Amino acid sequence: MARRRPKGGFGKAAAPAGGAGLPPPVPHPTSPAAGHILLRRPMALPEPPIRLPPGVAIAPIEAANAGAVHKLMQRAYASGFGTVPANLLDWWEGLVTDSEFDRNLALVARAGDEVIGFCLCWTSSFVKDLVVDAGWRNRGVGSALLSTAIAALRARGAEELALKVDIYNGTAQRLYRSFGFGQD
């Protein structure tokens, strides 16, 4: 299974159709080649404070919660804004054997025993996945996961954080732009 991500530096992304602004809201196309925008964020910018909802905690992923994280990703990506291998073992093996995987950059948000969010960053300072359970969206879980990831990468000496976002995912684009991510 080939993974697409930049090696070394990150290339410039093409502006979305219709100019430099956000594309008009439309249903997500069924084509897997819908398009993405590459966003970058200098680490010199301060990350927003971490404000978790009461009863929510963030910790690195563990094998014991891999199944719950995988199910969360399947639900979150059912809308078409991402993909995850259907088989749990294929996903887990691909994740933990990737040369850019570090357990401390694979962050799980939990409310009690329930996995409600996940943020995966590669050691190259690239956000691979950020998903939040539908019932917990707009409550600060995604922001807290992203702030935690930024702090962890800054502590490692990263100078920039990059990610790709679907051109039709305006909600995610607004979150990332609120954190200082922008296009070149």
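Where does S125 sit relative to β4 (114–122) and β5 (126–132)? Let's work up to that with some exercises. The model is predicted: local features need pLDDT of at least 70, side-chain atom pairs count only at pLDDT 80 or more, while totals for chains, interfaces and linings use all residues. Residues are numbered from 1 along each chain as its sequence is written, and side-chain values use heavy atoms, with hydrogens and water left out.

**Exercise 1. Place S125 and describe its backbone and its surroundings.**

Step 1: Find the spot. S125 is in the loop between β4 and β5. Helices (H or I, at least four residues) and strands (E, at least two) are DSSP runs, numbered from the N terminus.

Step 2: Check the backbone. S125 has a phi near 65°, which is positive even though the residue is not glycine.

Step 3: Check burial. Buried means under 20% relative accessible area, exposed means over 50%, and partly exposed is in between (1.4 Å probe, protein chains only). S125 has 7%, so S125 is buried.

Step 4: Look at S124. S124 lies in the loop between β4 and β5, and its 27% relative accessibility makes S124 partly exposed. From the C-alpha of S124 to that of L153 is 9.2 Å, with their positions 29 residues apart along the chain.

**Exercise 2. Find N138 and say whether N138 is buried or exposed.**

Step 1: N138 belongs to the loop between β5 and α3.

Step 2: Phi of N138 is positive, near 65°, and N138 is a residue other than glycine.

Step 3: With 80% relative accessibility, N138 is exposed.

**Exercise 3. Write down the order of helices and strands in the protein chain.**

Step 1: Count them. The protein chain has four helices and six strands.

Step 2: Read along the sequence, and you get β-β-α-α-β-β-β-α-β-α.

Step 3: Add the overall picture. Of the 184 residues, 43% are buried. A contact means heavy atoms within 4.5 Å. Take contacts between residues at least 6 apart in sequence: 72% of them join residues at least 24 apart.

**Exercise 4. Work out how α1 and α2 are arranged.**

Step 1: Get the geometry. Two packed helices are described by the angle between their axes and the distance between the axes. Axes are lines fitted to C-alpha atoms, for helices over the stretch in contact, and angles run from 0 to 180 degrees between N-to-C directions. Here α1 (residues 66–76) and α2 (residues 88–96) have axes that come within 10 Å and cross at roughly 105°.

Step 2: Name the arrangement. Under 35 degrees counts as roughly parallel, over 145 as roughly antiparallel, 65 to 115 as roughly perpendicular and the rest as oblique. So α1 and α2 are roughly perpendicular.

Step 3: List who meets whom. From α1 come A66, G67, V69, H70 and M73, and from α2 come L88, W91 and W92.

Step 4: Sort those residues. Ala, Val, Leu, Ile, Met, Phe, Trp, Tyr, Cys and Pro count as nonpolar, Asp, Glu, Lys and Arg as charged, and the others, Gly among them, as polar. The α1–α2 contact has six nonpolar, two polar and no charged residues.

Step 5: Zoom in on two α1 residues. G67 is in α1 and is partly exposed at 24% relative accessibility; its C-alpha is 6.6 Å from that of L88, 21 residues away along the chain. K71 is also in α1, but is exposed at 53%. K71 and V115 are 44 residues apart in sequence, with 9.4 Å between their C-alpha atoms.

**Exercise 5. Count the disulfides and check C119 and C121.**

Step 1: Apply the rule. A disulfide is a pair of cysteine sulfur atoms within 2.5 Å, and the count here is zero.

Step 2: Check the pair. C119 is in no disulfide, and its nearest cysteine sulfur, that of C121, is 4.1 Å away.

Step 3: Check burial. C119 is buried at 0% relative accessibility, and C121 is buried at 0% too.

**Exercise 6. Describe α3 and the contacts of S147.**

Step 1: α3 (residues 141–155) has 15 residues and reaches 21 Å from first to last C-alpha, close to the expected 21 Å. That expected span is 1.5 Å times one less than the number of residues.

Step 2: Buried residues in α3 include V141, L145, S147 and I150.

Step 3: S147 is buried at 1% relative accessibility. Leaving out residues up to four places away in sequence, S147 touches E47, P48, P49, I50 and F179.

Step 4: After α3 comes G157, with a positive phi near 95°.
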